[in-house]
Amino acid sequence: MKKSSSEKRRHVVAWVNKAEWDQVLDHLYSKDPALQRFALQRVSAWRGRYAHNTPVAVDCTADLVRGQVLDRSGQLSGDDLVLLYGAALVRFVNLITERQQGRKARPLRRLAGKLNIPEWLVDLRHDFTHKKLPTLKWCRKGCKVVLEWLQQEYWSRQLGGGAGEDWESDSDGEEEEDGELRQQESNLLSRQKEMEAYKTTRELLISYERERYQSLDGAQGDRGMAPLADMSWLLGEIKQLSLDSNDLLVDVLLEDGFLVPTAEQLETLGCDPFETSGSPEPRVPQPIQRFWLPLLKMLNSPSFIQLVMEKLFVELKVAATEQTDLRVFYLSAWASEILLCNSNKFVFRFERKTQKKARMKDRIFMNRIQLRWQQLLSACLDAPCGSTPHLLQLILDDMEHPLPQDTQQKLLQLCSIYTQTPAVEFSLPREQKHQPIYTLESLHEKRRQQLRRSGETSESGDLQQMDVQAEKAKVLRGSPWQVCSDKVLWKNFPLGKVPGQSDDPSSLMVETYSTMTVCEQPVEMESSRGQNAPGVPGPARATEGLIWNQSDVNRLKCGLKLF
Amino acid sequence: MATLLTHKWLFASMLGRFVDAQLGPNAGDVAEPDSAGDVSFSTGVRTALGSNVGLASAVTSLLGPFTTRPERVVVVVGATATSTKLKLPAELNSSAGTIREFSSLTASIMKVNKNIQVKGKPQKWKDVRSKRCRSSVKSSNLNSSPVMVKMVKEHQVSIKKKPSLKRLKNKPKTVSEKKKNSPCGFKKLESQANGCSKFALDDEIEDLPDFMEGSESVHINGMETSEESEEVPGSRLEGEALHHCAQRGNQQNRAVLVMQKNQTLCFRGKCIVTCLYGRVEVMGFTIDEGQKSYPLFSPASHCPLTLRALGHTDYVRDDRTEASNILEDYLSAASRKKLVKKVTPTSSIILLDPLETPLTHFLSSFTHLSELFSPPVSELMSAVLDTPLNGLGVIPLASNIEGLKISRSCRDALGTVINACKGDLDGCAVILVCGVKNVGKSTFIRILINTLLNHTSNVDYLEGDLGQTEFTPPGCLSLSTVKEPLLGPPFTHQVTPDHMIYYGQSSCEPDLDGYLESLKSLWRRRPQSREIPVIINTMGWVKGFGFQLLVDLIRFLPVTHVVQLSHGFSTQCSPLTPDFLRTAQGYQTHPPTQTALDEFSESHCPPKTYTHLNVQSEFQGVARQGTATHQRSNEHRELLLLGYLSQLQSDDSGTVRPLHTLTPYQVPNTAVALGVIHCEVAPSHMFYAINASLVGLCCLAEKVTSKGGPVILSQATLCPCVGFGVLRGIDTARGLYFLLTPVDPSVLRKVNCLLLGAISLPSCILTEQPGFEGEIPYVTADYSFDLTGAGKIRVFKGLIRPSLMGVIYRCASRPARSPDLQR
């Protein structure tokens with residue numbers, strides 16, 4: 001599966017920059033053996049970097065070029081060369097076709113054909129492995145053709161751009177392609193289905209609205225039986241729909257023109273669209289709430305409410321960034337309405353019975369629902385807008401497992417700072433109220449002072465860090481190691497780059513060096529390798545380790561039977 | 001160079017021809033069939049559900065600034081808080097945004113710096129528990145409040161009062177004793193013992209969880225037993241139950257959890273656990289009340305951790321009031337009241353604190369690891385959300401995720417080994433653990449070490465698994481002394497081993513002799529007078545030469561126990577019993593001839609004996625390479641290295657400093673030698689290989705002298721390694737290497753050799769260097785993997801390719817874990 005990200009993925013490669021790549025490519029395909037040798041040596045360094053991840057094409061090219069170089073040097077006999085070329089060609093054919101190989105083995109010939117590798121090269125490979133060794137002439141020809149192929153298929157096309165795929169997620173041949181096709185088809189189908197479902201949902205909701213308007217009008221005029229029946233049928237349909245695809249229903253509900261009314265709808269219902277928007281504590285105007293109440297009451301279930309809440313916040317985030325005020329207002333109003341419904345606070349304790357009855361009538365649901373508070377909290381914070389502090393307050397008040405008190409306060413405060421709403425009056429602890437108010441200027445001032453104090457030595461001004469470095473330097477004194485004391489802003493230099501280093505790909509060449517040969521010393525090799533070791537006695541040896549003492553060795557020698 | 005390579009090629013070529021000639025003319029016509037039917041191709045990252053995971057952790061990170069790391073507020077205000085959900089707009093900085101509490105917050109940062117070390121007494125079986133008082137969880141890693149300090153003090157006091165909480169050495173636990181104390185516990189134990197345990201098991205072995213297994217028949221040394229599933233009425237804490245028995249702290253972001261005996265909590269995430277009351281067990285390690293706090297890591301990369309309440313059996317006490325007193329410090333009155341109702345004499349109460357260390361900060365700074373401590377995709381549906389625990393980074397899992405599964409045979413083996421360690425064994429127990437890859441060796445060893453640490457303060461550990469090392473970066477053989485329990489995957493407990501050799505490959509196959517010699521040499525460095533158990537981990541390569549190496553190891557080292565893990569009914573390799581070893585062919589050793597045997601039986605030396613224990617692994621996905629995100633073994637290796645490199649982060653600040661911003665060490669290139677272990681690099685091009693690479697810091701015995709220019713080893717040797725570094729840059733003009741390393745300067749001064757191996761720097765270290773617009777060395781976005789030959793060599797599992805033998809590329813019959821090559 002390809003990543004459709006617009007930004008290309010970055011990969012680690014063995015060459016420091018494009019210049020080094022170009023240089024190596026140029027040298028590999030030059031006719032000058034000295035340059036080719038240079039390129040081969042560089043590829044050896046690449047192999048060192050890549051560990052076992054060297055690209056197959058690079059490996060194969062290097063192997064073939066090596067054959068060419070040795071051929072031109074005239075140091076080897078024809079028979080030697082045939083073997084060298086042979087190994088390189090066999091490896092090329094096998095390794096390059098390996099990725100084409102599916103789970104079932106397929107003939108090399110076919111795989112090579114797919115890759116535009118001439119058939120006679122595969123035959124040549126078979127000659128090497130199974131038949132009489134080919135002549136040197138054929139070897140040279142094969143090598144030349146393969147190198148050309150590699151240049152065409154790999155070197156010249158590489159680093160010219162192309163979709164990024166991972167080292168790890170290489171495609172697995174045909175099977176995956178087939179799978180992809182199938183998946184595309186099924187995607188298409190499901191999308192069509194989705195579209196249909198979406199349409200029916202929309203239509204149902206629109207007819208619900210129509211019915212409601214009619215019944216509202218009807219409340220003033222004559223009231224027939226038919227509309228009511230229609231309504232219950234509609235509600236039944238919608239209920240059914242919600243059972244099938246809750247998600248879709250909520251999505252549509254939250255579109256403009258439904259729970260978020262359009263200006264016209266507001267007018268029809270007799271609300272002033274600009275009356276309430278912008279208030280930090282939004283409530284849904286009563287007519288609108290009443291308008292939707294039958295539907296919401298019918299759909300009411302914990303999972304539905306949870307879903308609505310989550311979607312509300314998701315939509316709120318989008319709306320808030322798009323600055324659509326009306327939408328923001330209604331979304332947050334509905335959110336706060338639902339939260340209030342769920343609230344277990346008895347703020348209405350002193351109301352009269354009739355009042356209570358009236359209030360209950362307007363509630364979407366009666367019983368407290370256990371919502372997923374943690375999710376709601378993060379969703380709420382994810383969608384900052386003017387009414388976020390209010391919603392946050394509601395959520396915090398209502399959480400099943402409340403956060404620590406001061407955490408709540410800090411959250412609220414930070415939230416109101418962020419949304420730049422007039423801070424809700426917090427009951428700050430006394431001592432905090434008397435603390436100076438920090439502004440950005442005071443922070444700057446503080447920083448400046450700190451810098452001055454540290455003598456402006458380093459930009460970070462991190463005194464502690466300096467101490468640590470000094471301590472390290474002290475410990476290292478007397479050894480070749482030291483803490484780098486150059487005044488270098490290391491953060492400006494990525495790994496692998498130092499101040500003053502040029503971009504020239506030859507800048508890291510070592511002209512003079514001394515070689516050192518170490519015998520295999522530290523892993524104290526025993527002289528007796530491959531000895532016959534009869535079962536080593538266990539516990540008796542435990543104390544002295546595994547080194548056999550002289551008498552042991554003697555005994556072993558007795559037991560030896562030489563052949 | 002050219003000649004050497006030529007030789008290699010000539011040999012390879014001839015070898016190939018020879019083999020093909022033997023096989024006949026048709027063998028190579030079709031590219032060798034692969035037996036890769038069982039290779040499961042990774043299905044890639046399923047991101048569709050991914051968004052659900054992050055919510056809880058998002059809130060954690062959001063609350064982080066207020067609760068755990070007050071100083072982070074500054075970061076938030078500075079509009080650089082990309083990790084927090086609540087990004088502050090830049091305009092705020094210029095407008096008069098006021099932060100009243102800023103100073104009070106910073107002022108309240110307090111750290112517990114009381115690092116009470118248990119000193120001395122490394123020998124044999126000591127009652128170590130009472131000394132492990134609660135004081136430090138690497139205290140520098142934790143920002144604790146005054147409450148924490150108070151708590152620490154209180155518990156130190158309480159420990160003084162009750163010095164003998166922990167079981168004593170060889171304390172016989174008679175049934176009657178149990179009966180007297182907790183009758184209900186007795187019943188369970190009895191029924192459990194009905195099975196097959198022929199060993200006198202320590203109670204905690206019996207306590208190891210197996211109640212998830214259901215009824216299964218298990219083969220133990222030919223004896224078949226069956227267990228009833230309902231014998232242990234343990235249950236998973238999940239769903240609603242968690243709401244009732246857990247409460248959030250009233251002041252800090254922490255939670256208190258009441259667990260009934262045998263109840264379990266399986267979770268993803270990370271936390272610090274403190275046992276306030278009773279006793280709980282994690283990965284074989286028991287934590288008593290009064291014991292210090294331990295960090296738990298349960299990332300998506302490994303099997304989730306399971307906390308299990310054991311209840312205390314020691315004495316009856318007035319549980320409610322005592323519990324109420326304990327809880328007073330942590331909970332508000334209302335939630336305390338709710339919780340106390342749940343407390344019975346056998347329940348345990350644990351305190352969970354959020355865990356933020358330089359390691360976790362460092363890891364989360366890489367985008368692909370941001371979800372590391374969230375449940376993997378397969379567990380998303382089982383994650384219990386919105387409990388009081390979620391807020392502090394613990395995501396409980398429902399019981400359909402079984403967590404760590406310990407088979408009966410595994411428990412028996414543990415019991416035998418523990419008993420042997422406690423018993424009158426001459427010298428120390430030397431336990432070699434072997435088995436095919438992905439069979440659970442490391443997990444078994446972790447449980448074994450943890451269980452041993454219940455009794456002793458130290459366990460020695462000899463690392464023989466190059467691919468999946470426990471305490472070091474991969475590619476190392478090492479000898480470590482383990483003092484702390486292993487309550488998380490290896491990357492969370494990277495420590496400096498006592499001795500280490502950088503082998504430089506993630507498999508031992510390129511140099512078998514070197515592998516054996518290194519292990520032998522490490523063994524010799526172990527003080528032989530030490531009387532603490534040694535655990536030897538081995539590779540997952542149990543076929544062919546790999547098996548012969550195992551035979552050699554058993555012969556070379558004074559092994560007393562061989563634990564052989566296997567799975568299913570097929571045998572992965574022959575059982576390495578003492579009898580088998582009498583005639584087995586090793587790589588370096590050979591079985592004695594018959595005459596020699598006779599001679600030995602006459603002599604006073606008895607033939608080598610040891611206990612052979614067969615363990616059947618039964619967990620889900622046994623012997624299969626993990627394919628989910630973070631679970632492939634190359635990802636594990638990457639995590640190991642990141643874990644190691646996170647030591648470069650300074651302890652105290654919560655901000656992550658990318659590697660390239662750190663001040664490096666410098667050393668003249670004439671003073672240290674350079675070498676490449678895994679391939680041949682032309683000396684004049686050496687810098688191209690080693691620049692911005694991971695290098696092993698080694699100490700050669702010889703003095704390094706230069707006749708001018710950098711010193712290059714003609715051939716890298718296996719030599720003592722003290723740690724790793726990133727060769728940050730090379731100043732060719734001044735002849736300096738710049739190196740970043742967490743190795744202590746006092747050790748660094750002795751380093752005179754830098755070795756490059758096949759263990760490369762995690763790619764994210766290079767690709768995710770913030771602050772650069774243009775080109776970064778060794779990083780490109782233009783490399784296309786779609787072109788033919790652009791990828792690395794792909795090897796099918798089980799595909800034998802004789803033509804590759806002798807060349808350093810890996811053969812198909814490769815040992816150990818190398819998913820990257822088996823795909």
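This report walks through chain B of a predicted model, from confidence and domains to one sheet and one buried side chain.

**Confidence and layout**

Let us start with how far the coordinates can be trusted. For the complex, the predictor reports an ipTM of 0.73 and a pTM of 0.71. Chain B has a mean pLDDT of 71, with 63% of its residues at 70 or more. Residues 133–232 of chain B stay under 50 in pLDDT, although the model has 206 contacts beyond four places in sequence for them. Residues 798–823 of chain B are also below 50, and this stretch has 84 contacts in the model beyond near neighbours in sequence. Where pLDDT is low, the predicted coordinates should not be read in detail.

The domain assignment splits chain B into domain 1 (240–396), domain 2 (408–590 + 608–616) and domain 3 (658–767). Between the centres of domain 1 and domain 3 of chain B, taken over C-alpha atoms, there are 44 Å.

**The seven-stranded sheet**

In chain B, seven strands make an open, mixed sheet with the order E15-E14-E13-E16-E12-E17-E18. Strand E15 (499–502) and strand E18 (611–617) of chain B each have a single partner strand, so each of these edge strands has one side without a neighbour in the sheet. On average, neighbouring strands of this sheet are turned by 15° against each other, direction ignored.

At the E18 edge, strand E17 (residues 561–567) of chain B pairs with E18(B) in the parallel sense, over seven bridges. Within this region, B:His567 has B:Ser617 in E18(B) as its bridge partner.

Helix H15 (residues 441–453) of chain B lies across E12 (430–435), E13 (459–463), E14 (476–482), E16 (534–537), E17 and E18 of chain B. Relative to E16(B), helix H15 of chain B runs at about 170°.

**A buried glutamine**

Where does B:Gln588 sit in chain B? B:Gln588 is found in the loop between helix H18 (578–583) and helix H19 (594–602) of chain B. Is B:Gln588 buried or exposed? Its relative accessibility is 5%, and because buried means under 20%, B:Gln588 counts as buried. The side chain of B:Gln588 makes polar contacts with two other side chains, listed here.

| Side chain | Partner side chain | Polar contact |
|---|---|---|
| B:Gln588 | B:Glu517 | 3.3 Å |
| B:Gln588 | B:Lys520 | 3.4 Å |

So the picture of B:Gln588 is of a loop residue that counts as buried and has polar side-chain contacts to B:Glu517 and B:Lys520.

Conventions: Residues are numbered from 1 along each chain as its sequence is written. Chains are lettered from A and ligands numbered from 1 in the order in which they are written. This is a predicted model: local features need pLDDT of at least 70, side-chain atom pairs count only at pLDDT 80 or more; totals for chains, interfaces and linings use all residues. Side-chain values use heavy atoms; hydrogens and water are left out. Two strands pair if DSSP finds at least two bridges between them. Helices (H or I, at least four residues) and strands (E, at least two) are DSSP runs, numbered from the N terminus. Axes are lines fitted to C-alpha atoms, for helices over the stretch in contact, and angles run from 0 to 180 degrees between N-to-C directions. Contact means heavy atoms within 4.5 Å. Buried means under 20% relative accessible area, exposed over 50%, partly exposed in between (1.4 Å probe, protein chains only). A polar contact is a pair of N or O atoms within 3.5 Å; within protein, one must be able to donate a hydrogen and the other to accept it, and residues adjacent in sequence count only if both atoms are side-chain atoms. Domain bounds come from an automatic or database domain assignment. pLDDT is the predictor's confidence in each residue, from 0 to 100.
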